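User: Hi! I'm new to reading protein models, could you walk me through this one?
Analyst: Happy to, let's take it step by step.
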Amino acid sequence: NNLKFVTLTCSLRAGSFNAAIAQSLPELAPAGVTFAPLGSPGEFPHYSTDIEAEGFPPAVLAMAQAIAGADGLIIITPEYNHSIPGVLKNALDWLSRVSPQPIAGKPVLIQSASPGKLGGVRAQIHLRQILGYFDARILNKPEAIIGDVSEKVTQGVLTDESTRQFLGRQLAAFSEFAAR
Ligand code: FNR
């Protein structure tokens with residue numbers, strides 16, 4: 001089965017651990033799965049109905065179209081202050097305004113990574129709550145909560161073997177889920 005997943009990386013920093021996780025996914029996924037990175041959510045202006053009234057920013061429409069055309073959306077995010085980064089919330093606020101709604105009914109996989117022990121689990125809880133309102137189809141398990149990530153990424157590459165194997169199993173589960 002050929003599946004196409006789009007990835008949304010929610011850290012804007014050049015040396016992002018979460019971006020390193022996102023970049024590792026294609027080589028860990030089952031055969032037949034292809035990946036396309038979405039544009040940076042940092043390109044979106046801060047949401048305002050005034051801007052929306054003048055027309056959706058092209059970057060928002062391009063992301064919405066890419067999500068609509070994909071078999072699944074993978075969100076890879078850091079945790080900021082026990083929640084999701086503002087840039088991700090802003091992107092979701094913009095995407096929520098697009099019609100037809102690209103995330104409704106869409107298979108969504110959540111991954112988070114942190115140099116801390118808890119791996120961004122609190123951001124995942126908030127993200128699940130928000131995506132529930134979108135009526136997204138979220139994979140509940142296995143969960144990818146990657147703690148101690150600074151010890152698992154070497155020069156921008158995910159090198160920790162057990163994490164690589166785990167993410168491979170999660171992507172296999174998500175592929176089955178998305179194909180259903
Ligand atoms: C953090 N960090 C962090 N880590 C965590 O586990 N829980 C948290 O609540 C927070 N809060 C937080 C707030 C802000 C404003 C910053 C800048 C950082 C640390 C964070 O996990 C760390 O900087 C990661 O390296 C960020 O992910 P990327 O950019 O490496 O993908």
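User: How do strand 1 and strand 2 pair?
Analyst: Strand 1 (residues 3–9) and strand 2 (residues 33–37) run in the parallel sense, joined over five bridges. Two strands count as paired if DSSP finds at least two bridges between them. Helices (H or I, at least four residues) and strands (E, at least two) are DSSP runs, numbered from the N terminus. This is a predicted model, where local features need pLDDT of at least 70 and side-chain atom pairs count only at pLDDT 80 or more, while totals for chains, interfaces and linings use all residues. Residues are numbered from 1 along each chain as its sequence is written.

User: Cool. Which residue stands opposite Leu-3?
Analyst: That is Val-33, in strand 2.

User: And what do strand 1, helix 1 and strand 2 make together?
Analyst: With helix 1 (residues 17–28), the two strands form a right-handed β-α-β unit. Right-handed here says that, with the strands pointing away from the viewer, the path from the first strand over the helix to the second runs clockwise.

User: Switching to helix 3: which residues are buried there?
Analyst: In helix 3 (residues 58–68), the buried ones are Val-60, Met-63, Ala-64 and Ile-67. Buried needs 20 or more other C-beta atoms within 10 Å of the residue's own, exposed is 12 or fewer, and partly exposed is in between, with C-beta atoms placed from the backbone.

User: Why are they on the same side of helix 3?
Analyst: Because they cover an arc of only 100° around the axis. The arc is that of the directions from the helix axis to the C-beta atoms. On the other side of helix 3, Pro-58 and Gln-65 are exposed.

User: Any odd backbone spots? What is the peptide bond from Ser-99 to Pro-100 like?
Analyst: That one is cis, with omega near -5°. Pro-100 sits in the loop between helix 4 (86–96) and strand 4 (107–113). The bond from Lys-141 to Pro-142 is cis too, with omega near 5°. Most peptide bonds are trans.

User: What about phi of Asn-81?
Analyst: Asn-81 has a positive phi of about 50°, although it is not a glycine. Its place is the loop between strand 3 (72–77) and helix 4.

User: Is Asn-81 buried or exposed, and why?
Analyst: Asn-81 counts as exposed because it has 9 C-beta neighbours inside 10 Å. His-82 also has a positive phi, near 65°, and lies in the loop between strand 3 and helix 4.
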